[in-house]
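Here's a quick briefing to read with the model open in your viewer. Take a look at the fold before going through the points.

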Amino acid sequence: MNHEIAIEEEFAKAALKRATWGRLFAYFKPHRRKLTIALSLEALWVVSMLIDPHLIKLALNGPLPAGDIPATAALVGWILLNVVSRALLTRWELRMTTRIGVQVQDAIRRNVFDHVQRLSMRYFDRTKQGRIIARADRDVDTLEHLIFWGPILCTMMALSLSLGTIWLVAVNAKLAAWIVLGFPFVFLTTRLFHRIGFPAYRKIRESSAAISAHVAESITGVRVVQAFNAEQRALDELEVKQAAYRGAVMRGAKIASAYLPTLTVSFHGVMLLLLFFGGHAVLDGEMLVGDLVQFVLLLGFVLGPVEGLGGLYNECLVAGAAAERIFLLLDTDPEVQDPQDAVDPGRLTGEIVFDNVSFSYDPSGKDGRQLEHVSLSVAPGETVALVGHTGAGKTSVINLLSRFYDAQEGEVRLDGIDVRKIKLDVLHDQTGIVLQSNFLFSGSVLENLRFVHAGLTAEEATRGFDELGCREVLDQLTNGVQTEVGERGANLSEGERQIVCFVRALLSEPAILILDEATSSVDTRTEALILRALERLSDRQTTVVIAHRLSTIKHADRIVVMERGRVVEVGSHQELLDQDGVYANLYSEYDG
């Protein structure tokens, strides 16, 4: 069982925490004044609803049977005025609560998105992309109804039950007593539904997230799926997850279908009993017709919210499961973060030191170490190439240098400062990275370059291509820097995407430039242009290069040869060939 599934199963067994609701409604605190006004309007709405039955009673017990048309018209006028006033209250309240709900949901979504972006790489290694998206998007959407209407509905139900019950007792205490005795039944039924229903709705959220994870993974790897004719297998896996989701939904539906009809039948039974006993009271002269009608209307006003409580409670269970998943994500602390004594060293010179560094992607050590006691020094402005077979530890070196991970042993130092003591934003501002798997966001070439500098102009972007020596690549694009790259850069060739990534990295004016197989996606001619440009610009920054094509790093100041997580050789291209060791064998194997 992987780490992610273990967390999900442990989470599924846990009870709904009261603190979840406290954290959720804490998002309303910045809107206290507006929310107070909205709830006050709802209170006025409830009072307005209670006035209608009283006015109807007055008409039925007085002027209407007596044929007093002016008095009856006056009461009808008051009812119409009450209805219009209530409509105006509703309009004002709806606009205010919608505005509050939108702002609260925006705040939650913003917090989740910001937190996800700050999580460490290890979290993304262990958690499927679709599950993260489900929590950051679908779970937040699930909260919408509760956030928008939860406070209002709770206020309406509480006031309707309390004020309505008091008024029922005032109208006829004997009949009201039978109704009040039914409240414990409603409470016990609701508690039973919570005990049975919440795990079911939590399971719905989990199975829905599993579907999202599978779909996202399949879409991301669609080329592999098609290349290996695995469409049916992916579809079969989806069907298994869909079956689990359907089962969870149907179980939730069975529980809801038992709870809600039970309340409905009970309420209508109470209404029939009221009409039977109330009718006898009217016939016996113990009660006026107007009083009975008022009592029936008030009872509907009280029982309606109680019946609606079933729907609200159902909504709370769904939203509660979503909220817990959201807060589980927000409570996941980044493993890599600034310590309290983090410093801003200013502009780095680019001196790099690995001092007896050991590292494993699995902190438990079950999968072995990717780096074993690596020691390495790089002078400012030096170009160093890392070479070795796949799994030798080259990428692990740049992951530690960029502080995507922290080493378990030893120190990585920049300008003599432990990289863990340098503020992350300062470190990343001064580190330019170009990876083999280039990534561009939807938008224009210019908008992608503005990830480096928000105010970057088209002229400055064009100069970046000139400086890299790749202006002709830019000129081939339909609209120059305004060319739309499409989703994930689909409108550009692989080489064009990589050139844009190079320009983006160089425009950041990094103190340290990291190239991880960065020229493997471009043609030989473009690669030669880039290498000449980098050689020309090498004095601006320290450059760390990973390359399998060893011919591309012949002119590096030093070449570091790695094998099984250790540094086994260091020297220039010619020095290492003369040693006739690991590097010479690699060169013969890949470029011979």
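What follows covers a sheet, a helix pair and the cysteines.

This is a predicted model. It has an open sheet of 6 strands with mixed pairing, and a right-handed crossing of helix 3 and helix 8. A search of the whole structure turns up 0 disulfides.

**The sheet**
- The strand order is 6-7-8-3-9-10.
- Strand 6 (431-434) and strand 10 (566-571) sit at the edges with a single partner strand each, so one side of each has no neighbour in the sheet.
- Going from one strand to the next, the twist averages 20 degrees.
- Strand 7 (residues 512-516) runs parallel to strand 8 (residues 542-546), and 5 bridges pair them; Ile512 has Thr542 of strand 8 as its bridge partner.
- Helix 19 (residues 494-507) packs on the sheet and touches strand 6 and strand 7. Its direction makes about 175 degrees with that of strand 6.

**Helix 3 against helix 8**
- Helix 3 (residues 32-61) packs on helix 8 (residues 144-171) at about 35 degrees, and the axes are 9 Å apart.
- On the helix 3 side, the contact residues include Leu35, Trp45, Val46 and His54; helix 8 brings in Ile152, Met156, Leu163 and Trp167, among others.
- Sorted by class, this contact has 14 nonpolar, 4 polar and 1 charged residues.

**Cysteines**
- Cys154 counts as partly exposed because its relative accessibility is 42%.
- Cys501 is buried, at a relative accessible area of 4%.

Conventions: Residues are numbered from 1 along each chain as its sequence is written. This is a predicted model: local features need pLDDT of at least 70, side-chain atom pairs count only at pLDDT 80 or more; totals for chains, interfaces and linings use all residues. Side-chain values use heavy atoms; hydrogens and water are left out. Two strands pair if DSSP finds at least two bridges between them. Helices (H or I, at least four residues) and strands (E, at least two) are DSSP runs, numbered from the N terminus. Axes are lines fitted to C-alpha atoms, for helices over the stretch in contact, and angles run from 0 to 180 degrees between N-to-C directions. Contact means heavy atoms within 4.5 Å. A disulfide is a pair of cysteine sulfur atoms within 2.5 Å. Buried means under 20% relative accessible area, exposed over 50%, partly exposed in between (1.4 Å probe, protein chains only). A crossing is left-handed if the near helix is turned anticlockwise from the far one by less than a right angle, and right-handed if clockwise. Ala, Val, Leu, Ile, Met, Phe, Trp, Tyr, Cys and Pro count as nonpolar, Asp, Glu, Lys and Arg as charged, and the others, Gly among them, as polar.
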